[in-house]
Amino acid sequence: MEQRIEANALFNIGYGLYAVTYNDGARSNGLIVNTVVQVTSTPLKVAVTINKSNYSHDVIKNTKKMNVCPLTIDTPFEIFEKLGFHSGRDTDKLSGILNWSSANGLAVLSADYVNSFFSLEVLEYVDLGTHGMFICGVTEAVEISDVETMTYTYYHKNVKPKPQAKAKGYVCKICGYVYEGENLPEDFECPICKHGAIDFEKL
Ligand code: FE
């Protein structure tokens, strides 16, 4: 029997969106991931997976600590642009959206956008090829508000800008960028969010 791999099937895994903060010694920085999972409860362990091409991957691998802040449904697209689509190598991504520092000295985002934070200490690192998975212990966990966490589905439906009705080509399902052209090259990478051709769909 033919076995298909349909990308849309995998889109049905439910995800939340999380700001991860870290400090490279010079400044606080952050990024957005959807790959945060509580993996055990006694002892409490949380896994966070980060693309190796992200600056944060290398910093967290060295410093062994990070904060995770679940983003709420009140988070506007500007915050995704600010945190998600620039590199922490050359941008101070957290300017203007900080709240306070947790006991580990790392940043926590403004309560306008996050409903809690957990401070993580890396216990194990799993090399997944393109990504690294950090298995972490929890050193602090605080609830800030009861506003719902933003899911990936909510982001796609309500936050991501809609492509223009007349545009032709392929749209990035992650950030809404439109590639104008008949054929999308297989090795195409979104210039805004860096996701690959697999995350584009035809308009
Ligand atoms: Fe994109």
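User: Let's start with the hairpin of E8 and E9: which residue there takes a positive phi?

Analyst: Happy to start there, keeping in mind that this is a predicted model. E8 and E9 pair in the antiparallel sense, with eleven bridges between them, and phenylalanine 118 stands opposite alanine 141 in E9. The hairpin has three residues between the strands, and the one with a positive phi, near 90°, is glycine 129.

User: How confident is the predictor here, and which strand has the highest mean pLDDT?

Analyst: The protein chain averages a pLDDT of 90, and 95% of the residues score at least 70. Among the elements, the lowest mean, 74, belongs to strand E6 (residues 98–101). The highest mean, 98, goes to strand E8 (residues 116–127).

User: In what order do the seven strands of the open sheet run?

Analyst: A good way in is to walk through the pairings. E1 and E2 share six antiparallel bridges, E1 and E5 pair over four bridges, and E5 and E8 also pair antiparallel over four bridges. On the other side of E8, eleven bridges lead to E9, and seven bridges join E9 to E4. The full order of this antiparallel sheet is E2-E1-E5-E8-E9-E4-E3.

User: Which are the edge strands of that sheet, and by what angle are neighbouring strands turned on average?

Analyst: In the sheet order, E2 and E3 stand at the two ends. These edge strands, E2 (28–33) and E3 (36–41), each pair on one side only. With direction ignored, neighbouring strands are turned against each other by an average of 35°.

User: Which residues stand opposite valine 20 and alanine 47?

Analyst: Both belong to antiparallel pairings: E1 with E5, and E4 with E9. Alanine 47 faces isoleucine 135 in E9. For valine 20, the residue opposite in E5 is valine 68.

User: What is the bridge partner of alanine 19 in E2, and which residue in E8 stands opposite lysine 65?

Analyst: Strands E1 and E2 are joined by six bridges, and the partner of alanine 19 in E2 is isoleucine 32. E5 meets E8 over four bridges. There, the residue opposite lysine 65 is glutamate 121.

User: Why is strand E5 described as largely enclosed by the rest of the structure?

Analyst: In the sheet order, E5 stands between E1 and E8. A residue counts as buried when its relative accessible area is under 20%. Strand E5 is largely enclosed because the buried residues in it number five of the six.

User: Which strands does helix H2 lie across, and at about what angle does it run to E1?

Analyst: Helix H2 (residues 55–63) lies across E1, E2, E4, E5, E8 and E9. Those strands are included in what covers its buried residues, and the buried residues are Ser56, His57, Val59 and Ile60. After H2 comes lysine 64, with a positive phi near 60°. The angle between H2 and E1 is about 55°.

User: What about helix H3: at about what angle does it run to E2?

Analyst: Helix H3 covers residues 77–84 and lies across E1 and E2. Its angle to E2 is about 115°.

User: How many residues apart in sequence are the parts tied together by tyrosine 22 and tyrosine 55?

Analyst: A search of the whole structure finds seven aromatic pairs. In the pair of tyrosine 22 and tyrosine 55, the centres are 6.3 Å apart and the planes lie at 65°, which makes it edge-to-face. Tyrosine 22 is buried, at 2% relative accessible area. Because tyrosine 22 lies in strand E1 and tyrosine 55 in helix H2, the parts tied together are 33 residues apart in sequence.

User: Are phenylalanine 188 and phenylalanine 200 buried or exposed?

Analyst: These two rings form an edge-to-face pair, 5.5 Å centre to centre with 85° between the planes. Phenylalanine 188 lies in the loop between E11 and E12, and phenylalanine 200 in strand E12, so the pair ties together parts twelve residues apart in sequence. The relative accessible area is 17% for phenylalanine 188 and 8% for phenylalanine 200. With the cut-off for burial at under 20%, phenylalanine 188 and phenylalanine 200 are both buried.

User: Which lysine lies over the face of tyrosine 125?

Analyst: Aromatic rings also meet in a cluster here, formed by Tyr15, Phe80, Tyr152 and Tyr155. For tyrosine 125, the partner is a charge at 4.5 Å from the ring centre. That residue is lysine 61.

Definitions and conventions: Residues are numbered from 1 along each chain as its sequence is written. This is a predicted model: local features need pLDDT of at least 70, side-chain atom pairs count only at pLDDT 80 or more; totals for chains, interfaces and linings use all residues. Side-chain values use heavy atoms; hydrogens and water are left out. pLDDT is the predictor's confidence in each residue, from 0 to 100. Buried means under 20% relative accessible area, exposed over 50%, partly exposed in between (1.4 Å probe, protein chains only). Two strands pair if DSSP finds at least two bridges between them. Axes are lines fitted to C-alpha atoms, for helices over the stretch in contact, and angles run from 0 to 180 degrees between N-to-C directions. Contact means heavy atoms within 4.5 Å. Rings of Phe, Tyr and Trp (its six-membered ring) pair if their centres lie within 6.5 Å; planes under 30 degrees apart count as stacked, over 60 as edge-to-face and the rest as tilted. A charge sits over a ring if NZ of Lys or CZ of Arg is within 6 Å of the ring centre and within 35 degrees of the ring normal.
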